[in-house]
Amino acid sequence: MVATPRDPLLPTHWFNILHDRPQYVTSALSRSQLGGVAKSAGHSVFLQQPLSLARQSLNTADRFIPIPGEVLDLYAQYRPTPLRRAVRLEERLGVNARIYYKYEGANLTGSHKLNTALAQAYYYAGAGVKRIVTGTAAGQWGTALAYACQVMNLGCTVFMVRSTLRQKPVRGEMMRLFGAVVYESPSDLTEVGRRVLGEDPAATGTQAVANGEALALAAEDSGSRFAVGSGENSVLLHQTVIGQEAVSQLAQLGEFPDCVIACMGAGSNFGGIALPLLGAAQDAGRPIRLLAVESTACPKLTRGRYLYDLSDALGTTPITKVYSLGSTYVPPPVYAGGLRHHSAGPLASAMYADGSLEAVAIDQHTSFRAGLLFCETEGILPAPESAHAVAGMIDVVSRHPRQEAPLVVLVNISGHGLLDLGAYRSFAAGEIEPVTADEASMSRSLSALEEFNRSIGEPAKTT
Amino acid sequence: MATGDSSGPVVRPELNRSQATSLVFQALTVVIPDRPVETLDERQELYADLGLDSLGFVRLLLEFESKLGVQLFDDGLMTIKLLNVGDLIDLIERISLPAVR
């Protein structure tokens, strides 16, 4: 088969920040420190991920990790992605800044998630796995994985958070088009789902529950394995093609950003664009500001605790140190479903803890307004998640003093919003209110999180 | 399972049961530092008694790679399910066999 010619700007390696900053290797808690583990007698230990993939999450030896040729050929079908200067937006805002954006929504599945979906499907297929089971919040990861599994001749099962699947059922249709089996989560297929439905039949669902259901289903079939689309170091690694391309594309324009901005779900699109820029800034000995934009409905960085926590409702995944609102927190349903995960990933959390990144929380009303402005001026309708990044960027450039040198900013538009037209229509009709966190749920969840950490002797560190 | 050299020719003696046990205990104390070697025995369950989860299992395999001077490949690893320390020792004996190096 003849492969798509590879553009010279397409990176041949992933950039591994763990080489430069080995202190960011995931800090995980041994379950032997927990009480009650003995209740799980008879539970076998096995690899959830292929070793080659898991190895990437722990690799501190190599600054660059080669991208397999088969994955590169698939990247070549849609990469490099565009980097543009948002001139009309600059004019409309009247700011003292040069605004650049990287656009990841131009592939079939519509978001950056395809960068890791293709890589993960490649490694799972190579390891002999027959089916990947996953949880998805907004559906971008589920769509990307469904397509990648089809490409790699793997089966795919997706548990999609109920509130977002009902907001945009066409996401489910896309996954089915690519051959995936799609379930609404919580479901009655698994014990986790039945437990949640038993407590509240109208439960809107969370990423933690969807992941828990996926883990449970995967455990029932020896040929199936669970996969995640954000948070893990290897996932962020795969996304670094975004930032590496941006470094090269900006260099062609004689530019380097003062500030890099992306939305924050668990950290994959943020890490994808920010980590290579951080590495390039280090190499050049220049400062760089990294800003993560989260949702006020799920303010894990700005209001969470840096503690050991679970990432799924089943409770079998590694217990890692992350900024979290607690795995039992149920964020209000917002259209940016990809920002509803209760915790940031371990790497993004470690960066926030040591001050390498800043964070701001923005409500969906502000972000939809920013998204529409971006559409009017730049001709791209951002996904609701990406619209948070746009809103954060507008806030940054609007504060930059006129008497100083123009601020150069780079923002990641992680996906398109063409499957979110209903949400944009509701906003335009004045039907969308700013949504803040569910204070009662957050208080209960944080208390449980802190109590769990006290029980293992881990002191709480607040923001 | 397939293995390969990580750094050219390395002499790796085939391990007997006692040597494999010693290696497994050493590796477990690296991955689970709060478990001293004298508290380990073959009948302990990896998850229920030692708290070893999937990430811990990955770290353990990487520790074996380092100690045995081999690189483990994905092929075949995904089908391995281990219940107790004894299963782990069996695995190390298999890995150290010349036929699977």
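**Notes on the chain contact, the domains and a few backbone details**

1. Let me start with where the chains meet. Chain B brings 29 residues to the contact and chain A brings 31 residues. On the side of chain B that touches chain A, helix α2 (residues 54–68) of chain B gives the largest share, with 7 residues. That side of chain B is made up of 17 nonpolar, 4 polar and 8 charged residues. Please keep in mind that this is a predicted model.

2. Next, the layout of chain A. The domain assignment splits chain A into domain 1 (78–108 + 233–455) and domain 2 (114–228), so you will find domain 1 written in two segments. Taken over C-alpha atoms, the centres of domain 1 of chain A and domain 2 of chain A are 23 Å apart.

3. How many residues does each domain of chain A put into the contact between them? Domain 1 of chain A contributes 30 residues, and domain 2 of chain A contributes 26 residues. On the domain 1 side, α11 (233–252), α12 (268–284) and α17 (421–428) of chain A each supply at least two residues. The largest share there, 4 residues, belongs to α11(A). By class, the side of domain 1 of chain A that touches domain 2 of chain A has 11 nonpolar, 15 polar and 4 charged residues.

4. Now for some backbone details that you may like to look at yourself. Most peptide bonds are trans, and most residues other than glycine have a negative phi. The next two points pick out departures from this pattern.

5. Two peptide bonds in chain A leading into proline deserve a look. The bond from Arg79(A) to Pro80(A) is cis, with omega near 0 degrees, and Pro80(A) sits in the loop between α3 (69–75) and β4 (83–85) of chain A. The bond from Ser185(A) to Pro186(A) is also cis, here with omega near 10 degrees. Pro186(A) belongs to the loop that runs between β8 (181–185) and α9 (191–199) of chain A.

6. Finally, Asn153(A) has a positive phi, near 60 degrees, although this residue is not a glycine. You will find Asn153(A) in the loop between α6 (140–151) and β7 (155–161) of chain A. Is Asn153(A) buried or exposed? Only 12 or fewer other C-beta atoms within 10 Å make a residue exposed; Asn153(A) has 10, and therefore counts as exposed.

Key. Residues numbered from 1 in each chain as written. Chains lettered and ligands numbered in written order. Predicted model: local features only at pLDDT ≥ 70, side-chain atom pairs only at ≥ 80, totals over all residues. Contact = placed C-beta atoms within 7 Å. Nonpolar A, V, L, I, M, F, W, Y, C, P; charged D, E, K, R; others polar. Buried ≥ 20, exposed ≤ 12 C-beta atoms within 10 Å, placed from the backbone.
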